[in-house]
Amino acid sequence: MADDGQLQLVTFKLGDELYGVDIMDVKEIVKIQNIRAIPNAPYYMVGILNLRGEIIPIIDLHRRFHIGSDDGNVELDELESGFIILNISGMQIGIIIDRVSRVVQVQRAEIQEPPQMMGGIGSEYITGVVQNQDGYLIILDSLKLFEPKELQKIIKNQ
């Protein structure tokens, strides 16, 4: 268990960048599975996944943040790991990742304010940035990735 001076993050690759989310927001990490498309879903929602009887909306952060391939689409069979299932406001949401890296602990004192725009991602989605030996670790704010209105729209589309 991390103390108040530390934060545990599940880190993952998305495009060329390394991202992290608070380990307390992560329910599990699952391999690629069958996703069913949903008509009239938001552009960044690729569909829903039935995970052990539970229906989970799957969000493509490549689309959400406008990163990845030139056309913004990512072929699921190109991915190495699959999805991180997040628990956001009591709702399960899967995010597509390129590859899980590892769980790391960072000192809260090392976390710097994010620049206004970083790799196409608005600073409103970023808690902070930590410099490491490979460059930067961008810490995402799971709660801000999806506005309450967006969450309700996703729920209604299930």
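Student: How do I read the strand order of the open sheet, and what is it here?

Tutor: Go across the sheet from one side to the other, naming each strand in turn. In this predicted model, the open sheet has 5 strands in the order β8-β1-β2-β12-β11, and the pairing is mixed.

Student: Which strands are at the edges?

Tutor: An edge strand pairs on one side only, and here that describes β8 (99-107) and β11. Going from one strand to the next, the twist averages 30°.

Student: Do β2 and β12 run parallel or antiparallel, and how many bridges join them?

Tutor: They run parallel, with 3 bridges joining β2 to β12. For a residue pair to look up in the viewer, try L18, which stands opposite L137 in β12.

Student: Now the nonpolar cores. How many residues does the largest one have, and which have the most contacts inside it?

Tutor: A core is read as a set of buried nonpolar residues joined through side-chain atoms within 4.5 Å. The largest here has 28 residues, and F12, I95 and L140 have the most contacts inside it. Among the elements that each supply at least two of its residues are β1 (6-14), β4 (45-51), α1 (61-65) and β12 (135-140). The largest share, 4 residues, comes from β7.

Student: What is F12 in contact with, beyond its neighbours within four places in sequence?

Tutor: Its partners include L18, Y19, V21, I84, R99 and V100. I95 and L140 are also in contact with F12.

Student: Which residues does the second core include?

Tutor: That core is separate and has 9 residues, including I35, L49, F83 and I85.

Methods
Residues are numbered from 1 along each chain as its sequence is written. This is a predicted model: local features need pLDDT of at least 70, side-chain atom pairs count only at pLDDT 80 or more; totals for chains, interfaces and linings use all residues. Side-chain values use heavy atoms; hydrogens and water are left out. Buried means under 20% relative accessible area, exposed over 50%, partly exposed in between (1.4 Å probe, protein chains only). Contact means heavy atoms within 4.5 Å. Two strands pair if DSSP finds at least two bridges between them. Axes are lines fitted to C-alpha atoms, for helices over the stretch in contact, and angles run from 0 to 180 degrees between N-to-C directions.
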